[in-house]
Amino acid sequence: MSARKAVGAAARAAGDAGPLTDEDIRLFHEGSHARLYEKLGAHVTSVDGVAGTYFAVWAPDAARVSVVGDFNDWDPKRHELRLRGSPGIWEAFVPEAGEGMLYKFHVTSRYKGHEVYKADPFGLYHEVAPKTASIVWDLDYAWDDGDWMAVRGERNSLHAPMSIYEVHVGSWMRVAEENNRSLSYRELAPKLAEYANKLGFTHVELMPVMEHPFFGSWGYQVTGYFAPTSRYGTPQDFMYLVDYLHQEGIGVILDWVPSHFPNDVHGLGFFDGTHLYEHGDPRRGIHPEWDSYIFDYSRPEVRSFLVSNALFWLDRYHADGLRVDSVSSMLYLDYARAEGEWLANEHGGRENLGAVELVRRLNDEVYRAHPDTQTMAEEASAWPHVTGSTGQGGLGFGLKWDLGWTNDTLSYVSREPSERPAHHNELTFRMMYAFDERFVLPLSHDQVVKGQGSLLGKMPGDEAQRFANLRLLLSYMYSQPGKKLLFMGGEFGQREEWAHDGALSWEFAELPAQTGIQRLVEALNRLYREEPALHELDCEAAGFEWIDPNDARHSTLSYLRRSASGEAVAIALNFSAEPREGYRLGVPSAGLWRVLLNTDAAAFGGSDQTAADAIEAEAVEAHGRTQSLRLTLPALAAVFFKAD
């Protein structure tokens, strides 16, 4: 059978997965193909009863493309691909190629005879690094998470509690007796599910699992955008992890990296002898901080690639959301560049208009196909309307990381208590913008790497004060409006800075002080889930009301959180090292106010300065209210109250 007839027959046999139609090609070149992974790459199929694999790759400036692998002794002359007209797509059906076989594309450029072996940009599975070949693979899997998928829209709602546990798969836990190896996806599944459920997290966020050659990049230097890393198992093994977490009632958010990619020879860079995926001018195509390539967002085919990749993880791996990495570096042409090192857009501005179009299309496509998921932007600038609708000029994200809150809060709590009164605005400033976007409050991996130490290590004072400060920090996060994110180790007071080549210090997690932090996180997660006032209006101004933001002299804050029905929880926080005896807290109603949580309780490692479980409101004016509570507000502590 001729190559042309074989490709045509493969199209009939493969149906929706496999060879491209003319309509696919049109959508691809206009930048609006959202399921390109069904067409390009390697697809196991059969022609006239003969099993094989259909290969297709985009390489418009190639003079010749071959597929090489186990099935042809890696000989570029054996299976040359056919050019599909003029759009630069090369394709062939190879009967000899079957599931599990290694392969690459051998690309000969039109320019100076440049030849290179490339991994498949749409490869579903790759060899374990440092090897770099792709593997012919099928993604058949019998999912058992129907119950979760039926209700996940409620679980991912902006009105639902969302407490996210950020995890690096390779270093969360290791097997010390087996040369300190990482857990496989299947080993990780029950351990992570049990632990996350025990502590009450609603979701886990996995740092990038897409295939990456350098382990020390933590997954942020991706070469295999359509493949979970093979370090921990097969694609089906990763599906099992997601499936298991869903069955245990835990959502899964994937960290996704469209902001840059590495320059490894087998990767996307200089793919067909030209700058195909990356921008050709280094002032737009090289990331100055990471020495990596930047996607050419103005190229329609690149937008099709990236949007298709985002949907792939939602379609095929049942991800509940995507956290989009380093959006700021995508939006600004002068990001991390000095004057003269960047090119303005056609209007003379610093905005990357191609990237803006990409993120808007991305979010439109995601919410059209999967309205029960969320996209989250790691965006550190004041770009307006990141979570605004695209129809009204916004970027269309569901949520945005509030990195301003993170930086201000850590700056404040790392100070000695005696220094805090002069920096009180670092706590209160957030409420000037807290509802301009829909926020996630992150205490992420970025705060515990590169010499910054652990969260506990940032806390001032003696041993008891450091743990008290950490309890106060965590309680402040859980009481503030916004969804919550905590990086692994923070939930038990990891003492050391995170190191990707080891495991968390689980041997210390059973010590009394660390156990107290775990108990507190468990209690905070439970309270956050059970009290509508603490989550229903996380992203709306009606959910927050100051009691007293101005007591800088005593380093205290107090405020109300409200539910949609108006039910209130009052929170008082003392960031000083001295207890506040006879403290008056104005409350909105008379009656008995029950203590929901006191971070100074002995169960959390505190000193139990206040033993009262409930306090009767008195008709004494305080904070502009006719009713108030008189209490002892413990040092370096937070107390949550609710009217009975």
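The points below walk through the main features of this structure, which is a predicted model.

1. The barrel. Eight strands close into a barrel in this model, and following them round gives the order β9-β12-β15-β18-β19-β20-β21-β22, with parallel pairing. From one strand to the next, the twist averages 25°. To see one of these pairings in detail, a reader may look at strand β21, residues 439–443, and strand β22, residues 483–487, which run parallel and are joined by 4 bridges. Within this pairing, L441 stands opposite K484 in β22.

2. Helices on the barrel sheet. Helix α5, which spans residues 235–247, packs on the sheet and touches both β12 (203–206) and β15 (251–256), and its direction makes about 140° with that of β15. Helix α10, residues 403–413, also packs on the sheet, where it touches β20 (399–401) and β21, and here the direction of the helix makes about 40° with that of β21.

3. The open sheet. Apart from the barrel, the reader will find an open sheet of 4 strands in the order β1-β2-β5-β4, with antiparallel pairing. The edges are taken by β1 (41–47) and β4 (82–83), and because each has a single partner strand, one side of each is left without a neighbour in the sheet. Strand β2, residues 50–58, and strand β5, residues 89–94, run antiparallel and are joined by 6 bridges. In that pairing F55 stands opposite A92 in β5. As background, the strands of a sheet pair through backbone hydrogen bonds, and they may do so either parallel or antiparallel.

4. The contact of α2 with α7. Helix α2 (residues 22–30) packs with helix α7 (residues 300–315) at an angle of about 105°, and their axes are 5 Å apart. An angle of 65 to 115 degrees counts as roughly perpendicular, and therefore α2 is described as roughly perpendicular to α7. On the α2 side the contact involves L27, F28, H29 and E30, which meet P300, E301, R303 and S304 in α7. Divided by class, the residues of this contact are 3 nonpolar, 2 polar and 3 charged.

5. The contact of α4 with α14. Helix α4, residues 185–199, and helix α14, residues 512–530, pack at an angle of about 70°, with their axes 7 Å apart. These helices are therefore also roughly perpendicular to each other. Y195, K198 and L199 of α4 make the contact together with Q518, V521, E522 and N525 of α14, and the residues of this contact divide into 3 nonpolar, 2 polar and 2 charged.

6. The largest pocket. The space in the largest pocket comes to about 580 Å³. Its lining is made up of 23 residues, and those that lie nearest the centre of the pocket are E289, W290, D325, D446 and K450. By class, this lining has 8 nonpolar, 9 polar and 6 charged residues.

7. Backbone details to check. Two places in the loops deserve a look when the backbone is inspected. The peptide bond from A129 to P130 is cis, with omega near 15°, and P130 is found in the loop between β7 (115–118) and β8 (134–135). The other place is F270, which has a positive phi of about 50° although it is not a glycine, and F270 lies in the loop between β15 and α6 (282–285).

Key:
Residues are numbered from 1 along each chain as its sequence is written. This is a predicted model: local features need pLDDT of at least 70, side-chain atom pairs count only at pLDDT 80 or more; totals for chains, interfaces and linings use all residues. Side-chain values use heavy atoms; hydrogens and water are left out. On a 1 Å grid over the protein atoms alone, a cavity is a set of points where a 1.4 Å probe fits but cannot get out, and a pocket is an open set with protein on both sides within 12 Å along at least five of seven lines; lining residues have an atom within 4 Å of a point. Grid points are joined across faces, edges and corners, and a volume is the space filled by probe spheres set on the points. Ala, Val, Leu, Ile, Met, Phe, Trp, Tyr, Cys and Pro count as nonpolar, Asp, Glu, Lys and Arg as charged, and the others, Gly among them, as polar. Two strands pair if DSSP finds at least two bridges between them. Axes are lines fitted to C-alpha atoms, for helices over the stretch in contact, and angles run from 0 to 180 degrees between N-to-C directions. Contact means heavy atoms within 4.5 Å. Angles under 35 degrees count as roughly parallel, over 145 as roughly antiparallel, 65 to 115 as roughly perpendicular and the rest as oblique.
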